[in-house]
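Work through the exercises below with the coordinates open. Try each task before reading its solution.

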Protein chains: 2
Amino acid sequence: MHIGIYVFDPVEVLDFAGPYEVFTTAARVHGRSQPGVPLFEVCTIAAGHAPVTARAGLPVLPDCTIADHPPLDVLIIPGGVVTAELARPEVIEWIARQAGQVQTLASVCTGAFLLAQAGVLRGRAVTTHWEDTADLRAMFAGLEVREGLRWVDEGAVVSSAGISAGIDMCLHLVERLAGRALAECTARQLEFDWTENGGRPAS
Amino acid sequence: MHIGIYVFDPVEVLDFAGPYEVFTTAARVHGRSQPGVPLFEVCTIAAGHAPVTARAGLPVLPDCTIADHPPLDVLIIPGGVVTAELARPEVIEWIARQAGQVQTLASVCTGAFLLAQAGVLRGRAVTTHWEDTADLRAMFAGLEVREGLRWVDEGAVVSSAGISAGIDMCLHLVERLAGRALAECTARQLEFDWTENGGRPAS
């Protein structure tokens, strides 16, 4: 399975590094008992080939671009300061196209704003960083923005709360894609106290 | 205050990205109420200028090297696969020298092996990833290796358990350096469930 993680200027470091760590660790843990083809192959994807500068200045060299990445099973859109990304039609259109192709499109933190801009949240519930729920509602009328959950799983679209909640959500995705045992082993490998306060909305 | 984070081939991604996120977020949160000179300036430090490849393939461009970094208040040594680093005298001697200069030298996960190799753990308790405690004891006789704690604070030297525990430890360091309120605000900003199971050893 190919897991793509979008990176941009300035993506929040833990928003992309947490999911990266979860899926690559899950692949490593899985490979111990079943060597061979990796279960998950993770790539970072940027709009272009140039390095991007994550928040606070960390440079990140993307593995590939929105024009040349492999077909994805899961695409994760992290957050950070997303104002500039919201105004890039080539990025928003790419997210919209990917929504029709990937098995799961997921956002971390303010990455939810990019999903909303791409029109993939219509009729679906979503969550984001606690600091940004009011803005998300104000910018995208009619969205069902949920609070107090680590993630909201709407099947084809999954969103997490802020920053570290991306780790909880990705452990949930590992469970969905490869089973409970691997998700638990991965959390234990990360020594991460998995908060399983997620779920489908009641409505 | 200058916070240095050592990066090497192949450093565990969350081991360095977690501390990076904690200190840069703490600086941002602090800057909201007290704009001006940043409270923390975080730099990544490698042995040389070339990009390093973090575990699973993530390329990291270091800000500076062990030969040209600014004077540090805190130096954090993450883990990963540390075998090659243990055999690099220039790195081990640099860590030993820094131990005499920084206010706090800290390790995450198997970074503790590098601290032990540098001789800075003599007479001090330490912790590491749960999978590596036996190896740490076997390789460095006489060390007091503690288990079941998120971090062990020995004053000038602080060590954390595996991977995500580096986040808990760094929140503790933020509290030590800048007070409880900022550490709590930072954890809340990260939506991180801070596990405060640390402390000084009983002995």
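**Exercise 1. Helix packing**

At what angle do H1(B) and helix H6 (residues 165–178) of chain B pack, and how far apart are their axes?

Solution. Keep in mind that this is a predicted model. Fit the two axes. H1(B) and H6(B) pack at an angle of about 35°. Their axes are 8 Å apart. Next, take the handedness: the crossing of H1(B) and H6(B) is right-handed. Now list the contact. H1(B) contributes B:Asp15, B:Gly18, B:Pro19, B:Val22, B:Phe23, B:Ala26 and B:His30. H6(B) contributes B:Gly166, B:Ile167, B:Cys170, B:Leu171, B:Val174 and B:Ala178. Last, sort by class: nine residues are nonpolar, three polar and one charged.

**Exercise 2. The interface**

Determine how many residues of chain B are in contact with chain A, and which helix gives the largest share.

Solution. Count the contacts: 26 residues of chain B touch 26 residues of chain A. Group the chain B side by element. Helix H1 (residues 13–33) of chain B supplies the largest share, seven residues. Then classify that side of chain B: 16 nonpolar, six polar and four charged.

**Exercise 3. Symmetry**

Find the rotation and the shift that superpose chain B on chain A.

Solution. The superposition takes a rotation of 180° with 0.0 Å of shift along the axis, at an RMSD of 0.0 Å. The two copies are therefore related as by a two-fold rotation axis. Check the contact residues: 100% of those of chain B recur in chain A, and the same surface serves both copies.

**Exercise 4. Two positive phi values**

B:Ala56 and B:Cys109 are to be compared: is each buried, exposed or partly exposed?

Solution. Start with B:Ala56. Its phi is positive, about 75°, although B:Ala56 is not a glycine. B:Ala56 sits in the loop between strand E3 (52–53) and strand E4 (59–60) of chain B. B:Ala56 has 19 C-beta neighbours inside 10 Å, so it counts as partly exposed. Turn to B:Cys109. Its phi is near 55°, again positive in a residue other than glycine. The loop between strand E7 (104–107) and helix H4 (111–117) of chain B holds B:Cys109. B:Cys109 has 31 C-beta neighbours inside 10 Å, so it counts as buried. The cut-off for buried is 20 or more.

**Exercise 5. Cis peptides**

Identify the residue that a cis peptide bond joins to A:Asp9, and place it.

Solution. The partner is A:Pro10, with omega about -5°. A:Pro10 lies in the loop between strand E1 (2–6) and helix H1 (13–33) of chain A. In chain B, a cis bond joins B:Asp9 and B:Pro10, with omega about -5°.

Note on methods:
Residues are numbered from 1 along each chain as its sequence is written. Chains are lettered from A and ligands numbered from 1 in the order in which they are written. This is a predicted model: local features need pLDDT of at least 70, side-chain atom pairs count only at pLDDT 80 or more; totals for chains, interfaces and linings use all residues. Two residues are in contact if their C-beta atoms, placed from the backbone, lie within 7 Å. Helices (H or I, at least four residues) and strands (E, at least two) are DSSP runs, numbered from the N terminus. Ala, Val, Leu, Ile, Met, Phe, Trp, Tyr, Cys and Pro count as nonpolar, Asp, Glu, Lys and Arg as charged, and the others, Gly among them, as polar. Copies are superposed by least squares on the C-alpha atoms of residues with pLDDT of at least 70 in both. Axes are lines fitted to C-alpha atoms, for helices over the stretch in contact, and angles run from 0 to 180 degrees between N-to-C directions. A crossing is left-handed if the near helix is turned anticlockwise from the far one by less than a right angle, and right-handed if clockwise. A residue is buried if 20 or more other C-beta atoms lie within 10 Å of its own, exposed if 12 or fewer, and partly exposed in between; C-beta atoms are placed from the backbone.
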